[in-house]
Amino acid sequence: MPTETRTTCPYCGVGCGVIARREDDGQVSVKGDPDHPANFGRLCSKGSALAETIDLDGRLLTPKIGGEAVEWDTALDLVAERFSRTIAEHGPDSVAFYVSGQILTEDYYVANKLMKGFIGSANIDTNSRLCMSSSVAGHRRAFGSDTVPGTYEDIELADLVVLTGSNLAWCHPVIYQRLAAAKQARPLMKVVVIDPRRTMTCDIADLHLAIRPDGDVALFMGLLAHLVKAGRIDEAYIGAHTTGFAEAFEKTASLTNADLIEATGLPAMQIREFFRLFEATEKVVTCYSQGVNQSESGTDKVNAIINCHLATGRIGRPGMGPFSLTGQPNAMGGREVGGLANMLAAHMALESAGDRDRVQRFWNSPIIADKPGLKAVDIFRAVADGRIKAIWIMATNPVVSLPEADLVRAALAACPFVVVSDILEKTDTTAFAHVLLPSLGWGEKDGTVTNSERRMSRQRAFLSAPGDAKTDWWQMAEMGRRMGFGKAFGWRNAAEVFAEHAALSAFENNGSRDFDIGAFADIEPDAYDDLKPVQWPQRVGQQQVETRFFADGRFYHADGKARFIAVEAAVQAAPTNTFILNTGRVRDHWHTMTRTGKSARLSTHLAEPFVEIHPADADRLGIRAAELVEVASPHGRVLLRALVTPRQAQGNLFAPIHWNDQFASNARVGSVIKAVTDPFSGQPASKMARVTAAPYEAEVYGFAVSVEKPQAIEADYWALAKADGGWRMELAFASAPADWTAWAAKTLGLPEDAEAIAYEDGPSGTRRLAFFKETRLLAGLFLAKEPVPVARDFLVSQLSSAVAGMRERFQILAGRPDAGKVDKGQIVCSCMSVGVHQIVAAIRQGCDNVEAIGRETKAGTNCGSCRAEIKEIMHGSLAAAAE
Ligand SMILES: Nc1nc2c(c(=O)[nH]1)N[C@H]1C(S)=C(S)[C@@H](COP(=O)(O)OP(=O)(O)OC[C@H]3O[C@@H](n4cnc5c(=O)[nH]c(N)nc54)[C@H](O)[C@@H]3O)O[C@H]1N2
Ligand SMILES: Nc1nc2c(c(=O)[nH]1)N[C@H]1C(S)=C(S)[C@@H](COP(=O)(O)OP(=O)(O)OC[C@H]3O[C@@H](n4cnc5c(=O)[nH]c(N)nc54)[C@H](O)[C@@H]3O)O[C@H]1N2
Ligand code: SF4
Ligand SMILES: [Mo]
C-alpha cells in the first residue's frame, strides 16, 4: 500500500508542510500540504524537487575512523575518550561543538545540554551565528527577549511591506508567493524593496531603493527623524511602553540630509517617497534578512528598524511589526534551546545567575557554564591557535561557509581531533575529520523544527534508516552516557527529548519568559507523532487566543518596557580602487549544494558559479560577458564566470555562496571574505568584502557532457553540475593540454573501445570531440578560444537519447539541434524544464502575460518560483520588439 506522510521541508525557514508519498516500489513523490498554515499546499522549486535528493549516492553509511569503517561503539568510545582526556588535561574550554540551524530541536537540545550543563563550557556555537545572531541581539536589546512578534498573516494583512536585505522571491519563495497573491487581491498594498541589487524580488516592488551597502542604519535613523517631524509618532505608546526614545531621537539630529544621501547613496526623491509611504501607512511590516544581519552594523540595523516600529506603536497588531525572516529550517528552534554560545536553554540568559541556577537545578547537572563561549569565527580562530584541541561539527560545512575559509580549512587540518556528523561522506569539511559519524537525513529522522513565525512542525520519517546512520541527538546522547552522565541522557525516543525541552521552558516561568511550551511537558509518543503545526507560546492551562507578542505593550525587560536603542550611522569607508563583494543565494540551490546538487532539475537554472558585475565596471576592466573573472583579497582567490548586468551597482560585485570544491575548481567565496564581525552579535559581515577583480586570460574554454561523473578534473577552471543522464561541466585552461583525447579519456572515464569522432578548425581554435558506444553518447568535449557557443541543453539531452545514425552523431559535433527543433536555451522553469528560448518564442507568438506563457509552454505552472523571471523576460522581449 502506498503511504502518505505529513512532514516539513528541510530547507528554508518558511517551514512548509510537505506530504511525502511512498509507492510500493519505493518511489517517492512530494507535494505541498494543503492544511499546513505556512504554505497551504504551495512549494517552491527546491521543495518540489525533494524526492530527487534522497538517493543514497555519496551517503556516509557507516562510522569511520581515519577513513576506515568501524562499529558505532568503537567510534563513540574514541570520541568520548578523546574529549574526556582533552577536558581533563586542558579544561572544558579546550573542546567545542559547532552545530547547525538544520538539526532538529531535539538534536540541538541534547548537544546544548551536554556542553553547557555537563562538560561545563559554553563553547557550543552554530552556523546560526552567520545567519540570525544580529537579529537575536537586536531583539534582546529592544524587547528583553529574542521574540519575533508577528506571523506570516501580518505580511498579507499589511498595507505596506518593506523588504530590506531580503531576496524573498528566491530565499523565502512561499512567503513571496503569499505576498504577491495578497498584493494582487489588494492592489493598493505597497511593497518597497531595499537592496543594493535589483533582485527578482523587485518584480512586485512599487519602489526599489538601491541602497549603498550598509546604508540601512542611516536610512532608518532618517525615517525616525522624519516620523517625529511629521508628527506621526505615537507618544502615548512611547510613554507607556518604552524607554530611551529621547536618546535615540537625539542621535538622529547629527544626521543631516546630505549625510543621509551620502550614506544611503539614494536620490532625495526616493528617500522622501519611502518616508511618506511609511509615515502615511498604519499597517506596515518590515521584513529583513541577511542584508541586515550579515553586517558590521547588523545589530544596529535591526534596532534602527525596530525603533521606527516602536515609535509608531506598530508592533504586535495585525498587519504590523518588524519581522526577522529566519533562514534555516530550524534557526528558531536552535534559539529556543539556547544553542548559541552566549545563550542558555529555553530563552534564559547565560549572564543571569538566577537563570543559570534554575537550568542547573532542572538538569540536575554537576556544573553549568557561567561565561559565554566562543562564537563561530572565534571558535575556529581558537582551533587555529591550538586553544581548542577537539571539535565536533554537526550538520554544517564551515570550510565553505565561514569567512576566511582557507584559514578554517588550515585550522581543521592542524586540529588534533575533529569529529564530523554529516549525511555525506565527501564534503569540503568531512575531508578533515578524524572520526566521521553518519547521520540520518530528511525523511529518515523524526523531530520538530520551528519556522520564522514561531510555528513548530514535525519532521517525520517515511524512509527506513540507510546503513548504520543514526540521528544526531542519539549520537550526542551516547556521548553523554560514555562521558559518565548516563542518567541525564537516557531518552528512548525523540518524544522524550521534546517533552523535557517543553518542561524546561515552563519551569519556574510563570509568564516571565516568552518561550513557554509547557503544554507539551507530558507529551506521549503517540501525541508527539500526531503533533499538528502549532505556534508558541503554548503555556499550561492557557487557551491560546493571540499568536502575536506585545499587543498588550508588555515586553520582557524587568520593567516590562521596550527599549529604543540609540544607534549611530556607520561611517562610510573611503572609496578605494577595490570592489565591494556582496554574497548570497540563488533560487534553486541550497547552501553548499550537498542536497540540491543531486537534482539535475535544480542544477539547470544556474549551472556554474558566477559574479555579477555592472557593464561599466566590466568595460573598464576589459571583462567581456561569459569570460572568467578572478576575484581576490589578501585571504583568498576565486574564479567565477562574469555575468555582466546593470542589476548590480557600479563598484559592487555579487557572487553566490553555493559552489565549493566538490562542484568547482575554486569558487568558495568564503575564502576571499575577511572575518569582520558585528560587535554585539559576532555575526560576520558576509555581504561586504573588499576585493579586486581582473579578467582571467584563458587560452582555451571548454564545455563537456559525460555519462560518468568526471574525476580529478585537470583544468584551471571547472564547474560541474548534475544533468539528466550524467553530468555537464564548464572548463577553462590557461594553457591547453597536449592531447585532448587522452585528457577526455582520463577525466571522463571513457572505456577503451569508445568510438570517437572529432572536428577541428585550426585557425579559430574550435575543436570538438564526441565519444560513443553503440547507440549512446558517452561524452562530448567542446573547445574554443572564446566561451564555447553550443546549445548546452541540447547536448545534455543527448546523454539520454539514442544516437544511432551518423547524422545524429554529427549533429552533436555541431553542438546544436537541427533547424526546426528547439534549443531550449538556459532553463528558467526548472519544474517543467522550460528554457528562455521557448519562453521568447511564446512571447513572439503573442503571449503577453505570465498566464498565457504558462498555457503555451507550461513554464511557471508548478511551483511558481520562476514567474518573476518569466515576467522579466517578457518585459525585456516586449521592450526589444518596441525599439
Ligand atoms: N534558494 C535558497 N533559499 C534559501 C537559502 C539558500 O541557500 N537557497 N538559504 C536560507 C538561509 S539559511 C537564509 S539565511 C536565507 C537568506 O535569505 P536572504 O537574506 O533573502 O538572502 P541573501 O541572498 O543572503 O541576501 C539578501 C539580500 O541582501 C542584499 N544586501 C546585501 N547587502 C545589503 C545591505 O547593506 N543592505 C540591504 N538592505 N541589503 C543588502 C543582497 O543584495 C541580497 O539580495 O535564505 C534561506 N533560503
Ligand atoms: N559569504 C557568505 N557566507 C555565508 C552566507 C552568506 O550569505 N555569504 N550565509 C551564511 C548562512 S546565513 C548560513 S545559514 C550558512 C550555511 O552554511 P552551512 O551550514 O555550512 O551549509 P550547508 O550546506 O547547509 O551545510 C549543512 C551540512 O549538513 C549536512 N546535513 C544535511 N542534513 C543533515 C542532518 O540531518 N544531519 C547532519 N549531521 N548533517 C546533515 C549537509 O550534507 C551539509 O554538509 O552559510 C553562511 N555563510
Ligand atoms: S519556501 Fe521552498 S524551501 Fe522554503 S520551506 Fe517552502 S518549499 Fe521548502
Ligand atoms: Mo542562514
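**Close-up views of a buried strand and two ligand sites**

**View 1. Strand 16 is covered on both of its faces in this predicted model.** On one side A390, W392 and M394 are buried, and on the other I391 and I393 are buried as well. In a regular strand the side chains alternate between the two faces of the sheet. Because five of the five residues of strand 16 (residues 390-394) are buried, this strand is largely enclosed by the rest of the structure.

**View 2. Strand 16 pairs with strand 6 and with strand 17.** Strand 6 (residues 95-99) runs parallel to strand 16 and is joined to it by four bridges; here Y98 stands opposite I393. Strand 17 (residues 417-422) is also parallel to strand 16, with five bridges between them, and V418 is the bridge partner of I391.

**View 3. Ligand 1 lies between domain 2 and domain 3.** This placement follows because domain 2 (133-324) and domain 3 (579-695) both give residues to the shell around the ligand. Of the 34 surrounding residues, C171, D195, D214, R585 and H589 come nearest. The shell comprises nine nonpolar, 16 polar and nine charged residues.

**View 4. Backbone atoms of the protein approach ligand 1.** A nitrogen atom of ligand 1 lies 3.1 Å from a backbone N or O atom of I194, and a nitrogen atom of the ligand is 3.0 Å from a polar backbone atom of R587. An oxygen atom of ligand 1 lies 3.0 Å from a backbone N or O atom of H591. Of the 910 Å² of accessible area that ligand 1 has on its own, the protein covers 99%.

**View 5. The shell around ligand 3 includes residues of helix 1 and helix 7.** Helix 1 (45-48) and helix 7 (173-185) each supply at least two residues. Among the residues around ligand 3 are C9, C12, C16 and C44. Nine residues of this shell are nonpolar, two polar and one charged.

Technical notes. Residues numbered from 1 in each chain as written. Chains lettered and ligands numbered in written order. Predicted model: local features only at pLDDT ≥ 70, side-chain atom pairs only at ≥ 80, totals over all residues. Heavy atoms only, no water. Near = heavy atom within 4 Å. Nonpolar A, V, L, I, M, F, W, Y, C, P; charged D, E, K, R; others polar. Buried < 20%, exposed > 50% of the residue type's maximum accessible area, 1.4 Å probe, protein only. Pairing = 2+ DSSP bridges. Polar contact = N/O pair within 3.5 Å; in protein donor to acceptor, adjacent residues only side chain to side chain. Areas by Shrake-Rupley, 256 points an atom, 1.4 Å probe, with all protein chains shown as cover. Domains from an automatic or database assignment.
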